[in-house]
Amino acid sequence: MTAPTAPAPAPPGQPAGTPGAGGPGGPGPTGSTFQQSGPRPATRRRVTIALAVVGVVVVAYSLLAVAIGQPSSGGKESLDTRSPAPAGTMALAEILRHRGIDVTPRDHAWDALTAPGDAADLTMVVIRPGRLDRYTLGNLRQLAEDGADVVLVGANANVLAALDVPVDTVDTVTLPGAKTPACELAEARTAGRTTISGSVHYDRPTEAPEGPAAGVTATFCYAPPAGGAPLAVVTAPSWAGRLVLLSGAGFLTNADLDREGNAALALGLLARHSHLDWVIQEQVLTDPADRDSVADLLGPGFWLTCLQILVALVLLALWRGRRLGPPVPEPLPVVVRAAETTEGRGRLYSAARARGLAAEALRAGLRARLADRLGLPPHSAPGAGGTVRAGAVAKEISGPDPAALVASVVARTGRPPVKIWALLYGSGWSPAAQAAPPAAVMPAPGAWPAPPAGGPPAPGPQQPEPLDDAALVRLAKALDKLDRQVGGR
Amino acid sequence: MAITGRAAACAFLGAVAVALAPVPGVVILIVDLLIVGLVLLDVALAGSVRALEFSRSGPRGARLGQPVPLVLTVSNNGTRAVRARIRDAWPPSAGARPLTYSVTVPAGERRFLEATLYPTRRGDREPFRITVRSLGPLGLAGRQGRHHCPWRVRVLPPFHSRRHLPSALARLREVEGQVAIRGGGAGSEFDSLRDYVIGDDVRNIDWRGTARRGSVVVKTFRPERDRRVVCVLDTARTSAGRVGDAPRLDHALDAALLLTAVALRAGDRVGLVAHDSEARLTLPESSEGNLLSRMSEAMATLEPALVEADHEGIVSTVLRMTRRRALVVIFSELVPAVIEESLLPALPALTARHTVLVAALRDPRLAELATGRGDVRDVYAAASAEQTLLRRRQLTEELRSRGVEVVDAAPDRYAPAVTDAYLSLKALGRL
């Protein structure tokens, strides 16, 4: 059963996997990236339904098994000579004791076999003889040969084979009710009609016995017109005692002893000797005679059914496996996203922490846009931009004239040229530019904002290059702000 | 031969029978022999697959986006009716619906199976194979076989930019002076004489005509007609890049079609060259009315090739194609590897004789990346995008400095921008 391994369904409304969803970083920008993907609500509902169905089936099966599998003949007290319950046999034991018979209840056949006493004056009743091994059963037969009456209740084919007596079993169920003796056995004829019945019945073997079983004869009583007998008495000329096979001991119980001729039959069978050992075999010996494997229980029909199911599965596979023509091949054109290389380079910058390069690229882009917007020539005269710190990007891309650009931007925004220069060119405060723009665009002195005396965290001339990623993001935002101020997006 | 689910179902029922039977050994034998016998009988009684005959009818071409209704005709020349499942297999990008048919064709009759293709790519689409499973009368099993019935549907470029055609033609009429606007048409080709009105350029006064007529007449001009336009499609590796939801090449095809449509209406002759490492396609200049459809047909099967463009080869192909002055429109991409290393060295031979227009497609994704400020990775990507944009800008400057016109437009403006550039050049008389 898979039910215990499945997680218990969470109460509705609480999302699955909420704890630890943000990872060790906790809530933040990366939280969404690493969010744990738990089962979706639909999946959870399906699992819950499946579990419920499995649970209902299990409970229903248990109830059904309890209702059907209730043993009909009580629990431990059944056939116990000390039990006054309906399924007990105390009444029979008392009657026998009144007749002077010494009734000894035992719970193991070996207790009876090893007890001192004369075999010739012993009646031994064994209930559930299938739990004994072949050796013990052989001893029981020996006991019968030595003069005892051995009564076996519910002995089946395996037990009979171990005893090596010429009796076959018949798998028929007799109807409850009284039966007539229909045999020459004196005790049965005396008792008349009885309600003896059981699950296993006895009949003559189809072949004549040979070997040690030769000469052993059996008398069958209470047999219906067709089918086996619930009572068989096995004797042989060489035996001093006899072996009695009862298909069931129901007629000996307190409940049924007074019906029909049950009591008479019981006394006839059990009161022939002055000692009676009443063995209820509780323990199952290590190699019991009546041991059926699972395969024996299932019978031949099971395996043939499996074979037929296999055949059906093969047909099913053949049906599903035969497709209506093969898949169609198609050569597809190679199509990659055009921006893939640019994005890849961005990831490379990120992996290499190429902040300088990235900052320079952002600045160069803004410079070109600003020059466009302010109507400046996109390329300065050769040498004019020579004071700009030459990064990898700046080498390839010559921008507009720095001094003119800074001057125009300052005129447009009114921000100090030092800051504009630092934003657009990082470090490298060119003396030429320093001299030119403020003179050209200097408004009234009072209009200048206070010079950055280390207060604001914006990158100034002394902090030319972003030292960490946060500074790079700050630079990007500062460039955006400048862009907006000059009339961009 | 093929069995059906019914045979498997029978076998499962047989398993139930075996489980319940008093003598399972006999029952299993009977059940399985019965199933085998019935399956063989069914196969024997099924109509013959080989006796079927297939034929097709329907259009052989359509623009991408239009459904293509096709009819598959099944004729049964056998002696028994055929109850069949038929799969007419097309490549996935043909988008054939339905995938399979269930049809019964009595002996000596025929049935028509209707299919509709919804192609998802341009190019030629051919059916792969027809598979027929003819079931027996019991439906337990049948015969399976295949047929071939060739057909070809050419899926043409979609020509989305056709919606820009009316406005482009309106502008053309304006340029040609066919609408009443002040100043009349521009151009250098003599059109007619008319009376002078105040405001006319005195340089346009035709003195000889004035002398003959006795009143002042001016010459009017119109744009040159019968000029030549050569569309050069770069089908090399850069054309494979996807911009929006189509490769660059498809955008270029679209723009070339619009340009051709307008140029034909303007009375010019249009040629087409598709080239990567070698010439893929050459359509000589023509001004025939069916040029547009011929061009669409020829473009349908063009695919990007993963090779470097050979601009020397392109230039020599164009020079061979036309001896007279022409407008050469190169649909290419502004990346240094293409422009600096290949196009620029070959350019002088082309600009010496022709007007050159480089039409490049700008990827909106770059602008999107350049404005990304979400986290630090976005900023790095933005830096990278800025760098790419700067390089494009630089290459544009470089090309313009050599007298080459450059169009750099986003996909939605690409085709009209190219056509506008052509019309501007025409208005200026630079063709």
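I will go through the confidence of this model, then one helix pair and one strand residue in chain B.

This is a predicted model, in which local features need pLDDT of at least 70 and side-chain atom pairs count only at pLDDT 80 or more, while totals for chains, interfaces and linings use all residues. Residues are numbered from 1 along each chain as its sequence is written, with chains lettered from A and ligands numbered from 1 in the order in which they are written.

The model scores ipTM 0.74 and pTM 0.64. Chain B averages a pLDDT (the predictor's confidence in each residue, from 0 to 100) of 89, and 96% of the residues score at least 70. Over residues 179–184 of chain B, however, the pLDDT is below 50.

Turning to the helices, α7 of chain B, residues 311–321, packs with α8 of chain B, residues 336–351, at an angle of about 20 degrees, the axes being 8 Å apart. That makes α7(B) roughly parallel to α8(B), a term for angles under 35 degrees. Among the residues that meet, in contact if their C-beta atoms, placed from the backbone, lie within 7 Å, are B:Val315 and B:Leu319 in α7(B), and B:Leu343 and B:Ala346 in α8(B).

My last point is B:Ala274, which lies in strand β18, residues 269–275 of chain B. B:Ala274 is buried, because 26 other C-beta atoms lie within 10 Å, and the cut-off for buried is 20 or more. B:Leu233 is 41 residues from B:Ala274 in sequence, yet their C-alpha atoms are 4.6 Å apart in space. Not counting residues up to four places away in sequence, B:Ala274 touches B:Leu233, B:Thr235, B:Arg280, B:Leu281 and B:Leu302.

Definitions and conventions
Axes fitted to C-alpha atoms, helices over the stretch in contact; angles between N-to-C directions. Helix = DSSP H or I, 4+ residues; strand = E, 2+ residues; numbered from the N terminus. Parallel < 35°, antiparallel > 145°, perpendicular 65-115°, else oblique. Contact = placed C-beta atoms within 7 Å. Buried ≥ 20, exposed ≤ 12 C-beta atoms within 10 Å, placed from the backbone.
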